[in-house]
Amino acid sequence: MWPSNVTIVYADDFTGAAALGGALRELSVDSFVANAPPDWSLPGQKIPELLILNSATRDAGVPTTRKIVRGLLESQSTLAPMTLLFRVDSTMRGNIATIAREAGAFLAERTGREALICVSIANPQAGRTVEGGQLRISGVLASDTELAQDPTWKVTTSDVAEFLFGLPASVLALDGNAEVNSFALIDGSALDAGIERVGQRVRSAKDSGAGVIIFDGRNMNDSEIVGKVLRELDGGVPLVVLDSGPVLSSLLRRESEPELHDGFEWAHAARPVVVVSGSSTGRTSEQLERLRESASCVTIPLLHREKSPIPNTELGRELEAALALESPADVIELNSSHSSDQKNVEAIDFARPVRDAIAQVAALLLDHPPAGLAVVGGETCLYLLEVIGAQGIRPLGLLEPLVAFGTVAGGPLDGMPIVTKGGLVGGDNVLERAVLYLKREAISPMSAVKPSGQVEREGS
């Protein structure tokens, strides 16, 4: 049963959940990121004000996504929320439309009133902006980027409404007295008019029959305006909010200072940092190459790829040897894309072989604890935490937009410093920064504050 005083945000991916938790921590909001509801009855278990729960629907099929979302929402049976919050991907990956429809149907059943679904994809700090309903990544239309060739989730159009709901922006545009069918786009010109005007436009759209509102997001000020508008709507109308982070941060921010955690005891600075990458994106490959150039690094493939990917049969032996060295390398890199030709790899499901490989890693990490963990990829992070017996992550902040740092929560490695990121995010040297941070934390654990001397943030 949910504690009645805990606000819940559902995320479709673990690294996205951790990134939101890190961003909120910088805004004085304490959260707990988990793959499943924690056992609140455990001794010493602190109930946070915010639970960010990974629903793991990013790569699920539509029927599975519908079942997961319905199950999670019905588990709140003792509550009657008027607003449901979802953290979704800023490049439109995942089953966002399915989540929206299932959550809207749940609220309609629970309240007896039609829900308003509000979608904000933009994450300007990470270079993902929306203008005129078109998603851009670092200024380039999403359909002209690496996402257009991604075999697992091709972005065939940059039009947010068309990609998510199958309707062109021209159908959704709302200007003054124009008739609205079921969708409305609140564009940059409306956002420039201020909070009051945006609120009027949203209410007018709903009164005219719009069930879904899609917001532009050209900069962080747009996200702040949308967040404030939605805060005013909260409680007045059943509301489903799907956002990549900035609007949720605006909604959930509080002004008081956070209660700091005690410093976590961790004394393994002489040990290597273990980097576990389940991502095969070009972005991650470049970041790993940069890391190898700057640090003493042992690279061990998680998978063999010949006709089909299988776990590296030498993984356990190679990792144990690297961890047992009297003078180990600075970094041990466990990489699912090592020595593969990505151009020849089609849409193959790597989840099972990656999971099987990580299962081999867990016991060795418990026997030879590293200085810290840097994990790339939401599914990879989910699997790793599961096999080391952790309940989740305590977010402490962001190294860069969408790149969270914190500590492992629960299990034998409780308190270990950890950095998480998705495959498409982070600057060129983000993994170098992660390793330096993790090494520093292993020497001198910190409370829930940003690292001193933090380098400038760098978007993707």
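**Exercise 1.** In this predicted model, determine how helices H12 and H13 are oriented to each other.

*Solution.*
Step 1. Locate the helices: H12 covers residues 351-367 and H13 covers residues 378-387.
Step 2. Take the geometry. The packing angle is about 40°, and the axes lie 9 Å apart.
Step 3. Classify the angle. Angles under 35 degrees count as roughly parallel, and 65 to 115 as roughly perpendicular. H12 and H13 are therefore oblique to each other.
Step 4. Add the handedness: the crossing of H12 past H13 is right-handed.

**Exercise 2.** State which residues make the contact of H12 with H13, and sort them by character.

*Solution.*
Step 1. From H12 come Ala351, Val354, Arg355, Ile358, Ala359, Ala362 and Leu365.
Step 2. From H13 come Thr380, Tyr383, Leu384, Glu386 and Val387.
Step 3. Sorting these residues gives nine nonpolar, one polar and two charged.

**Exercise 3.** Describe the sheet formed by E6, E7 and E8, and explain why E6 and E8 stand at its edges.

*Solution.*
Step 1. The three strands make an open sheet in the order E6-E7-E8, with antiparallel pairing.
Step 2. E6 (128-131) and E8 (140-141) each have a single partner strand, so one side of each has no neighbour in the sheet.
Step 3. Between E6 and E7 (residues 134-137) there are four bridges. In one pairing, arginine 128 has isoleucine 137 of E7 as its bridge partner.

**Exercise 4.** Find the mean pLDDT of the protein chain and a stretch where pLDDT stays under 50.

*Solution.*
Step 1. The mean is 81, and 80% of the residues reach 70 or more.
Step 2. Residues 256-264 stay under 50, and the model has 24 contacts for them beyond four places in sequence.
Step 3. Residues 445-460 are also below 50, with 53 contacts beyond near neighbours in sequence.

Definitions and conventions
Residues numbered from 1 in each chain as written. Predicted model: local features only at pLDDT ≥ 70, side-chain atom pairs only at ≥ 80, totals over all residues. Heavy atoms only, no water. Pairing = 2+ DSSP bridges. Helix = DSSP H or I, 4+ residues; strand = E, 2+ residues; numbered from the N terminus. Axes fitted to C-alpha atoms, helices over the stretch in contact; angles between N-to-C directions. Parallel < 35°, antiparallel > 145°, perpendicular 65-115°, else oblique. Left-handed = near helix turned anticlockwise from the far one by under 90°. Contact = heavy atoms within 4.5 Å. Nonpolar A, V, L, I, M, F, W, Y, C, P; charged D, E, K, R; others polar. pLDDT = per-residue confidence, 0-100.
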